[in-house]
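Here's a quick briefing to keep beside the viewer. Have a look at the model first, then read on.

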Amino acid sequence: MTKPLSGRTALVTGSTSGIGLAIAEALAGAGARIGLNGLGTPEQIAAAEAAVRKAGAPEVRFFDANLMDPAAVDAMMDQALGWGGGVDILVNNAGMQHTASIATMPVEKWQAIIALNLSACFYTMRRALPKMAEKGFGRVINIASVHGLVASIDKAPYVASKFGLVGMTKVAALEYAAAGSRDSGGVTVNAICPGWVETALIEPQIALRAERFGGDRAKGYRDLVSEKEPSGRMASPSDIGALALFLCSGAAHNITGTAMPVDGGWTAQ
Ligand code: NAD
């Protein structure tokens, strides 16, 4: 039986761990060829490759690029656009966080977070979208955050980068809205806005909160989550993978320019 994404190629940035790896696995399960990218030891990269192969990817390739370097992003896009029919699905997922007040935030952290969480997404989209329009099919999924919709203290560069990413998502959606057709699948650009997702990225925040409870991680976790999320629970990376997979389907051809929260009610308040 042909799988829904057979013949498609997906490039997922920051897919050596966490949400990116889970998205890559979800798309692999639907038959897509997977381009991986991210930082990590050779063992971590090999483990990510093995995971997406096991999930069902017919082909896997690792694109070694530090996305903070515009020239490296361009080189990655040259290679990815020339591989397996080009990039049908682009998932801009790589991201970083650093928490500190505006007054104490190191300037280098501001620059790094804006470079990775926002500018790198522009560098990939500007190369991928024109080719998607030529084919009449394309999906760009930007992994933003609830922090692209609402703010929290001590996250100035992160919140600025994610609000920027949501804004750029809408601009790109409008520019490409008329590309393709219902039959070809169209070109859509959307942002997913997760609240808390259980990955390595948030471990420092859990550890910091646990300090208030004498180092009790479970209490710190509960306190952190319930402060913002009425559901009182985090999403798992595979939940985000499942939503990304739906956005790649034909049924999602007319969903574009959205910023979809997966946040247990955080932004409904
Ligand atoms: P993670 O730390 O597990 O994964 C981040 C990925 O980005 C890794 O593969 C890492 O190697 C890669 N990366 C980091 N710097 C890079 C660089 N310079 N060049 C290339 N790749 C680089 O984090 P995660 O929680 O899976 O986060 C993924 C995305 O989801 C991020 O954009 C994050 O802002 C967003 N997000 C996460 C949460 C959460 O609660 N975990 C919530 C909302 C949004």
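The notes below cover the domains, their interface and the ligand site.

This is a predicted model, so local features need pLDDT of at least 70 and side-chain atom pairs count only at pLDDT 80 or more, while totals for chains, interfaces and linings use all residues. Residues are numbered from 1 along each chain as its sequence is written, and side-chain values use heavy atoms, with hydrogens and water left out.

**Domains**
- The domain assignment (automatic or from a database) splits the protein chain into domain 1 (9-197 + 235-268) and domain 2 (199-234).
- Between the C-alpha centres of domain 1 and domain 2 there are 25 Å.

**Domain interface**
- Putting domain 1 and domain 2 together buries about 1,200 Å², with 62% of that from carbon and sulfur atoms; buried area here is the accessible area (1.4 Å probe) that two parts lose on being put together, summed over both.
- You'll find 0 salt bridges across this interface, going by a side-chain nitrogen of Lys or Arg within 4 Å of a carboxyl oxygen of Asp or Glu.

**Ligand site**
- The ligand has 29 residues around it (a heavy atom within 4 Å), and the closest are Thr 16, Asn 93, Tyr 158, Val 197 and Thr 199.
- Lys 162 puts a polar side-chain atom 2.9 Å from a ligand oxygen atom.
- Leu 67 has a backbone N or O atom 3.0 Å from a ligand nitrogen atom.
- For Gly 195, a backbone N or O atom lies 3.4 Å from a ligand oxygen atom.
- On its own the ligand exposes 820 Å² (Shrake-Rupley method, 1.4 Å probe), and the protein buries 93% of that.

Technical notes
Polar contact = N/O pair within 3.5 Å; in protein donor to acceptor, adjacent residues only side chain to side chain.
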